[in-house]
Amino acid sequence: MEVSAVCLSATTSASASVSPFLSFFGARKIRERGRTLTSLSVAVQETQAPTTDSAATTSSTSNSRGSLSVRTRFNSPVRRSSIDEVKACSDPVSALSRVEGVLQVQDFNIILRHFGESRRWSEISQCIGLTNAIPLQTVEIHIFDWMQNCGKINFASYSSFFKYMGLSRNPNKALEIYYGIPDKSLKVNVSVCNSILGCMMANGRFDSSLKLFELMKDDGLSPDLVTYSTLLSGCIKAKHGYSKATQLVKELQNKGLSMDSVTYGTLLAICASNNLCNEAEMYFTQMKNEGHSPNVFHYSSLLNAYSGEGKYLKAEKLVNEMKASGLAPNKVTLTTLLKVYARGHLFEKSQELLSELETLGYAADEMPYCIIMDHLAKAGHLLEAKKIFAQMKEKDVKSDGYSYSIMISALCRDGSLNEAKELAKDFEKKFDKYDLVIVNNLLRAYCNAGDLESVMHMLKKMDGLSINPDWNTFHILIKYFCREKLYHLAFKTIEDMNGKGHQLNETLFSQLLSGGGFRSNCNKSEVLSCSPLVMGFPSEAFSIYNMLRYSKRTLCKSLHQRMFSILVRAGLLKDAYVVMKDNSQSLSAKSLEKFAMSFMKSEYFGLIICISKLFVLLFPSDKDVFSTTVSRYIATPAKKDLLLHLLKWMSVLGYCVDSSSRNLLLKNAHLFGNKQIIAEILSKQHGMSRKNKTNKT
DNA sequence: TTAGGGTTAG
């Protein structure tokens, strides 16, 4: 999906999105360029008019660099005030046009950065009343478009622009602009590349960022250490981040680059997030050996890596080493040490450290409490966790709702469903901050407690807050809707989930088909007979079955059988045929025959032939299906060509019709126009079969 | 005042 985003953007030109201003600015640009090209010396003389400095005049005419320095010197106050004017203006683009002749590219860059640094993404009149979903009409884009259109742009402008597009979460806009850069050398400028790669990484576009990096190298980019450290930063949260990171490290070393303290810091974080404490230790040692002194971040990351395996002795030793080196452990370091204890189930030590954090003033927010509570609850000490939660509230510790989230989830796991629901309600009363994890926890609590009203309310809230459901959300809802026998809602949710690119869990679907709610002990007869869900919605079930099939996974055999039986039973024979076509090996002979016999009554004459062929191949000695086929075509002579085709096909493969079908065909041969044709085919088959029998004996 | 990083919670 990410890759397609890249391709999509590649085909969109930057100018396509530019407003009616385009023609105006385009004309202006040409005029300005003409002026610059034809009368540079005049312009320089104009700027020098107030002075008699002949040395400046000389330097200005000698080379362009000289003229720039003169302009800078002479116009500084004017330029400064012009820059300030634009900064202060409520309509910066119109102000830009006013000062266009006075300012230079670097001045416009200063203006661009001013709006970027003050994070004024949406400070423009058009944006009022618009939601965050339409973030493109932001101040810096207008300024930037203007700069582009007027040719007041250089590598630094692009570099800054991409950085702000990253911060304002507009990686697509950044890509669009990047692909629209007309100057090829600018496109592989290392700063420009580093900046857009950073923008992508900051927005979770790890895969497409790496892909873009490869394209950039093909186009002539020479990556530097900043490039690699940018790419490495994306490895922290990426799947298989560590192996990608080692590839990148090899690559940078092959290019003759050496890692610095920044790169090592990133690597340590990657190791920690992948629970690779040996690798973290290795990089930590290597870094020291190369003469880089670890700082508090390096220590904290290694400490974090120790938490994965509860290596508390090593962790304590590291903290001592850190102190000995003259670095004081900070709030994060000690909280991380607390995490080491908690993950190692050393709850007494964690509690002691928590008291220490409280004394130091490092426990003003809920994080250390959260760590202990979560691990206590997961280790089966729910009561202890509740005590910490109560203690936290008593001390009026600042909460952002994480502790509620942890406790709600713990109560759900424990089966304390009403308590979980009450806490969820409590959360909603106290906090107005929702994110996906808390939403999922609240939904789970309401679903478990069977509170449909709250579930629906929550879903509306998600819509309002533009919180997109994830795989978990969908699964929580689907299970709940099924349990409540709200099958139609369940199917709608599954379709929605599929549309959003999430794969349905096969086991969950299997349970859905069984219709036995979500009991794991459904027996076979229940599966086939008590399926209210599926009997009510066989088409929907089939559409979900197709979702699973197209997700390129190998489905378990019983699922095909189950789907097939349901479709045959519901009379959806054409759909059943689709299942049978690719999975006849997974279907029982009995169900196939039942299907074929039902199918013979249908109007799908072409498919009837296909089914007969399949039966000839699978069950050569079966006579029922074939003779039913013959009867069906005799009753419908208009389709006689299809039957003739079948008979010829059998002859070619050496199959022979059974005697009763043979008699039936001969008796009705007149229906096929020319009696001879049938007689010839049958006698040919008969002759071949006698020959075969003789050969066998 | 061109671009990079890193530590703790659900």
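User: How should I read a polar contact here, and which part of DNA strand B lies 3.2 Å from an N or O atom in the side chain of R113?

Analyst: A polar contact is a pair of N or O atoms within 3.5 Å; within protein, one must be able to donate a hydrogen and the other to accept it, and residues adjacent in sequence count only if both atoms are side-chain atoms. In this predicted model, the partner of the R113 side chain is a base oxygen of DNA strand B, at 3.2 Å, while a base nitrogen of that strand is 3.4 Å from an N or O atom in the side chain of D224. The backbone is also involved, since a phosphate oxygen of DNA strand B lies 3.4 Å from a polar side-chain atom of D374.

User: What are the limits on such values?

Analyst: Local features need pLDDT of at least 70, side-chain atom pairs count only at pLDDT 80 or more, and totals for chains, interfaces and linings use all residues. Side-chain values use heavy atoms, with hydrogens and water left out.

User: How many residues surround DNA strand B, and how do they divide by character?

Analyst: A residue is near a strand if one of its heavy atoms lies within 4 Å of it. Here 44 residues surround DNA strand B, the closest being S191, S229, N295, S300 and M367. They divide into 17 nonpolar, 19 polar and eight charged, where Asp, Glu, Lys and Arg count as charged, Ala, Val, Leu, Ile, Met, Phe, Trp, Tyr, Cys and Pro as nonpolar, and the others, Gly among them, as polar.

User: Which helix gives the largest share of that surface?

Analyst: Helices are DSSP runs (H or I, at least four residues), numbered from the N terminus; helix α16 (residues 261-273) contributes six residues, the largest share.

Key:
Residues numbered from 1 in each chain as written. Chains lettered and ligands numbered in written order. Helix = DSSP H or I, 4+ residues; strand = E, 2+ residues; numbered from the N terminus.
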